[in-house]
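Got your viewer open? Load the model, colour it however you like, and follow along stop by stop.

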Amino acid sequence: MDLAAWLETNREKILANSMALELDELEPLADGMLYPIWEALLNGLQHILANPAEQAKMAIQVARYGLEVRVDLPGFIHSVNLLRRAITQQLFQAAKEIPDLLAGLEPCTDFFFFSCQVASTTLGSGAGAKIAEERSQLWTLVETLPALIYIKDQDSRFTLANTTQVQWVGAQSAEELIGTTDADWYPREMAAKFQQDEQQLMVSGEPIIGLEEKVCGPDGDEYWFQSTKVPLRDNGGNITGLIGLGFDITERKRAAEWMQSQERIIEAQRQALQQLSTPIIPILEGVIVMPLIGGIDSDRAQDIMRTLLRAITQHQAHLALVDLTGVAVVDSSVADYLNRTIQAARLKGVRTIITGLSDAIAEVIVDLGLDWSGIETVRDLQTGLKVALDRLGVLRSQNSNRKHY
């Protein structure tokens, strides 16, 4: 299921969850004020999932709808935030079963909703002091968001930036940043890449959504940011610049890299333990020994079979000794695996000798009704080695040499 289908399927649940969040507020708003905005936002989300390039256009449409139903700016912003929270919560729950849903999380719940709030303030409602008050409220929102927020003109020059952006590049004030480009703050190659992407956006009108890129900070260290940039258009639909939003995801990336390194270490340890738990000792040409120690579960029993068959091929063995002296007991499933292992070795033309079979293991084999009458078993590994050497004629040859001497 993709994100668009998930939104449609869970539409009523999202609305109900949004209202539940509103009812937790100290002074909840009437649902008649909230539902129209939520419906418009959900429709907008579904539209931009199919038409990503129309994200800014759809944000303006939603903002205009807010004006038409006479929702004031604080109420509009509050409605948007409630729906964003509800969708985010439900997406994270659903992603436990459908991980691909998270791919659309950030562009939908962050930049689109933020664009709607910006568009609502830009369009304005009322006049004079009312507009000034609403724009002041929006700027407070921009300043408090934990993100780099900026606007650039057609030449990629900064025309507006919040404090987080100003501090990130190392400027002393917004005035110092305005009118400059990335080339004034970032290494040459990095700034050139940013400008290339932005100029392509200016030409194509295609937004850049959720791009993860490595950035050199003012302290010289490397950071990871998730960047979204969408074109700004005038009333005639002409692109006049862009608005950008960047989230610092360095800690998330480092955590992911650490997890990957831990997984590699764990896998290496697992393979090392597997080799130690199923060792193969070639003692003579064509003869191998597999001494087993400790408990054996079904997984380890499967490894024993694979390892033995692989070793038979690798060493071109025709005689294999499986020593169970260090195994106190096995359950029925493990005994069945051991029986299959012996049968598989037989199919490859290898004679198997079982050594060190305990009373407990023998009882399990009998209880299962396994026929080991054709399998050679001896008391211990020493005896098994003598039998193997006798099979090869080594002992007979040695005895013959001693008599001759």
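How much of the chain counts as buried? Of its 405 residues, 42% do. Keep in mind as you click around that this is a predicted model.

**Stop 1: the whole chain.** Switch to cartoon and you have 16 helices and 10 strands to look at. Now think about contacts between residues at least 6 apart in sequence: 62% of them join residues at least 24 apart. Turn on the surface too. The accessible surface adds up to about 21,900 Å², and carbon and sulfur atoms own 53% of that.

**Stop 2: helix α10.** Select residues 188–204. With 17 residues at 1.5 Å a residue, the helix should span 24 Å, and its end C-alpha atoms are indeed 24 Å apart, so expectation and model agree. Next, show the side chains of Met190, Ala191, Phe194, Asp197, Glu198, Leu201 and Met202: these are buried. Look down the axis of α10 and you'll see why they belong together: the buried residues fall within an arc of 145°, so they line one face of the helix.

What covers that face? Add β1 (148–153), β3 (208–216), β4 (222–233) and β5 (239–248) to your selection, since the cover over the buried residues of α10 includes these strands. Then spin round to the other side of α10, where Arg188, Glu189, Gln196, Gln200 and Val203 are exposed. Before moving on, step just past the helix to glycine 205, which follows α10 and has a positive phi, near 80°.

**Stop 3: serine 79.** Jump to helix α5, residues 73–94, and pick out serine 79. Is serine 79 buried or exposed? Its relative accessibility is 0%, so serine 79 counts as buried. Which residues is serine 79 in contact with, leaving aside its neighbours within four places in sequence? Show Leu34, Ile37 and Trp38, and you have them.

**Stop 4: a nonpolar patch.** Back to the surface view. Select Ile281, Ile283, Leu284 and Leu392, which together make a nonpolar surface patch of about 290 Å². Strand β6 (residues 281–284) gives the most here, with three residues. Leucine 392 comes from elsewhere in the chain: look for it in helix α15, residues 381–392. With a relative accessible area of 33%, leucine 392 is partly exposed.

Key: Residues are numbered from 1 along each chain as its sequence is written. This is a predicted model: local features need pLDDT of at least 70, side-chain atom pairs count only at pLDDT 80 or more; totals for chains, interfaces and linings use all residues. Side-chain values use heavy atoms; hydrogens and water are left out. Helices (H or I, at least four residues) and strands (E, at least two) are DSSP runs, numbered from the N terminus. Buried means under 20% relative accessible area, exposed over 50%, partly exposed in between (1.4 Å probe, protein chains only). Contact means heavy atoms within 4.5 Å. Accessible areas come from the Shrake-Rupley method with a 1.4 Å probe; for residues, only the protein chains shown count as cover. Patches are made of residues with over 30% relative accessible area and no salt bridge: like charges are joined within 9 Å, nonpolar side chains (Val, Leu, Ile, Met, Phe, Trp, Tyr) within 5 Å. A salt bridge is a side-chain nitrogen of Lys or Arg within 4 Å of a carboxyl oxygen of Asp or Glu. The expected span of a helix is 1.5 Å times one less than its number of residues. The arc is that of the directions from the helix axis to the C-beta atoms.
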